[in-house]
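Colleague: I would like a close look at a single part of this model. Please take one strand in the middle of the chain and show how the rest is built around that part.

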Amino acid sequence: MHHKGTIILTALAALAVTSAAPAVSPATGATARATTGAASGGAVLAESAPVGFAAVDALGQNGTTGGAGGPTVTVSTASDFIAAVKAQGPRTVRVNGMIELPAGMYDVTSDKTIVGIGADSGISGGGLNIGLPASDGVTSPPADAVHNVIVRNLTFRDASDDSINVQMFSHHIWIDHNDLSGGYDGLIDIKRGADYITVSWNHTHHHTKNMLLGHSDKNGAQDTGRLRVTYHHNWYDRTPQRNPRTRFGDPVHIFNNYFLDNSDTGPACNADSGCFIEGNYFEDVEEPMTNSYSGPDGSIVERNNVFVGDTGEPVTGGTVEDPADYYDYTVDDPGAVKEIVMRGAGPGTIGL
């Protein structure tokens, strides 16, 4: 059973809008064209706890706290980093500087916070695997599924595979305030029954296959009733596709993101997934959202989004669970989202 969360998004309460906000689509789902608005004002603050599905009490886990209660270690070499993130028990791993990893994916165990120091720390060459080894034969969550992991304030560059991969019923994962680019495959892929995840305040760029949710149209046995993810305040910066591409998850909550010059599509919601898309800012996006991108159709409920520049028409339809049935949240003025996200996404804003 899930329990409705009580966290309210208040990071930008002080933001002042200094020009008229663009017109937005009303709550009925109709769309409207708009002109770019400008915003200025108070500094963007980072949340101390996740907003969205990672905050929900479920599956025996109360929210997402990462390595809280365990020791803190600071690492600056590949060997120390690899050992620290796979060590058993709660631990906060502080990454100091850019660490070049050998090519490959490196396992992260439960109850970890992996956080960069300052604005210029992270990893290159390799990626993080948050989950047990992939298996098509497992259709219910194992007792040792990886859970309660936070990845924040890091730069990911030139991964040999995925930059971050979440799989095999991993749950309560918070991926926040990172900068990701130039990977080989996905920047943030979530699949194989993973659940209760928040992806927030990330800047993705210089990459094509951006974010995947659900890896196959044929994986309903693992994914149906799972893959519940919140994507908020991310900057999808000229990433052509998978922004995200979703399968099976319902609801997938996509709010207050900035989509810029995505030459293929913004969110593509297929294979019985249900996307609740609200309060986003789409600028020069060929197809801002679609529920019929490839394979079986999904569902999209769209409200209060801004569409500017050379942006196409959204393709919507069907019914989607309401994220408000799971958690409380506040949506920022969509006309101010471009400035808000550009100012706050990526590393360097969380005060470490």
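Modeller: Confidence comes first, since this is a predicted model. The mean pLDDT of the chain is 89, and 87% of the residues reach at least 70. The weak stretch is residues 1–44, where pLDDT stays under 50. The model still has 123 contacts beyond four places in sequence for that stretch. Where pLDDT is low, the predicted coordinates should not be read in detail.

Now the overall make-up. The chain has three helices and 28 strands. Of its 352 residues, 58% are buried. Take the contacts between residues at least 6 apart in sequence: 68% of them join residues at least 24 apart.

The part I pick is strand β16, residues 195–200. Six of its six residues are buried, so β16 is largely enclosed by the rest of the structure. On one side β16 pairs with strand β13 (residues 171–176), in the parallel sense, over five bridges. There, Ile175 has Val199 of β16 as its bridge partner. β16 also pairs with strand β19 (residues 229–232), again parallel, over four bridges. In that pairing Ile197 stands opposite Val229 of β19. Strands of a sheet pair through backbone hydrogen bonds, either parallel or antiparallel.

Step back to the sheet. β16 belongs to an open sheet of ten strands with parallel pairing. The order is β5-β6-β8-β10-β13-β16-β19-β22-β25-β27. Its edge strands are β5 (72–75) and β27 (299–303), each pairing on one side only. From one strand to the next, the twist averages 10°. Elsewhere in this order, β8 (residues 112–116) and β10 (residues 147–152) run parallel and are joined by four bridges. Ile114 stands opposite Val151 of β10.

Next, the packing. The largest nonpolar core holds 50 residues. Phe81, Ile130, Ile164, Val166, Ile190 and Tyr231 touch the most other members. Helix α1 (residues 78–86) gives the most to this core, with four residues. Val166 leads back to our strand: beyond four places in sequence, its contacts include Ile197. Ile130, Ile173, Ile175, Ile190 and Ala194 are also among the contacts of Val166, as are Asp189 and Lys191. A second, separate core has eleven residues, including Val56, Tyr196, Val320 and Tyr326. In soluble globular proteins, nonpolar side chains tend to be buried together.

Tyr196 opens the aromatic story. Ring pairs link Tyr196 with Phe53, Phe255, Tyr326, Tyr327 and Tyr329 into a cluster. The structure holds ten aromatic pairs. In one of them, the ring centres of Phe53 and Tyr326 are 5.0 Å apart and the planes are at 65°, so the pair is edge-to-face. Phe53 sits in the loop between β2 (39–41) and β3 (57–58), and Tyr326 in the loop between β28 (306–308) and α3 (337–344). The pair therefore ties together parts that are 273 residues apart in sequence. Both Phe53 and Tyr326 are buried.

One more strand deserves a look. Leu180 lies in strand β14 (residues 179–181). Its relative accessible area is 0%, so Leu180 is buried. Beyond four places in sequence, Leu180 touches Ile164, Leu187 and Ile188, among others. Its partners also include Phe156, Arg157, Ser163 and the run Asn202, His203, Thr204 and His205. Leu180 and Gly122 lie 58 residues apart in sequence, with their C-alpha atoms 9.8 Å apart.

Technical notes
Residues are numbered from 1 along each chain as its sequence is written. This is a predicted model: local features need pLDDT of at least 70, side-chain atom pairs count only at pLDDT 80 or more; totals for chains, interfaces and linings use all residues. Side-chain values use heavy atoms; hydrogens and water are left out. A nonpolar core is a set of buried Ala, Val, Leu, Ile, Met, Phe, Trp, Tyr and Cys residues joined through side-chain atoms within 4.5 Å. Buried means under 20% relative accessible area, exposed over 50%, partly exposed in between (1.4 Å probe, protein chains only). Helices (H or I, at least four residues) and strands (E, at least two) are DSSP runs, numbered from the N terminus. Contact means heavy atoms within 4.5 Å. Rings of Phe, Tyr and Trp (its six-membered ring) pair if their centres lie within 6.5 Å; planes under 30 degrees apart count as stacked, over 60 as edge-to-face and the rest as tilted. pLDDT is the predictor's confidence in each residue, from 0 to 100. Two strands pair if DSSP finds at least two bridges between them. Axes are lines fitted to C-alpha atoms, for helices over the stretch in contact, and angles run from 0 to 180 degrees between N-to-C directions.
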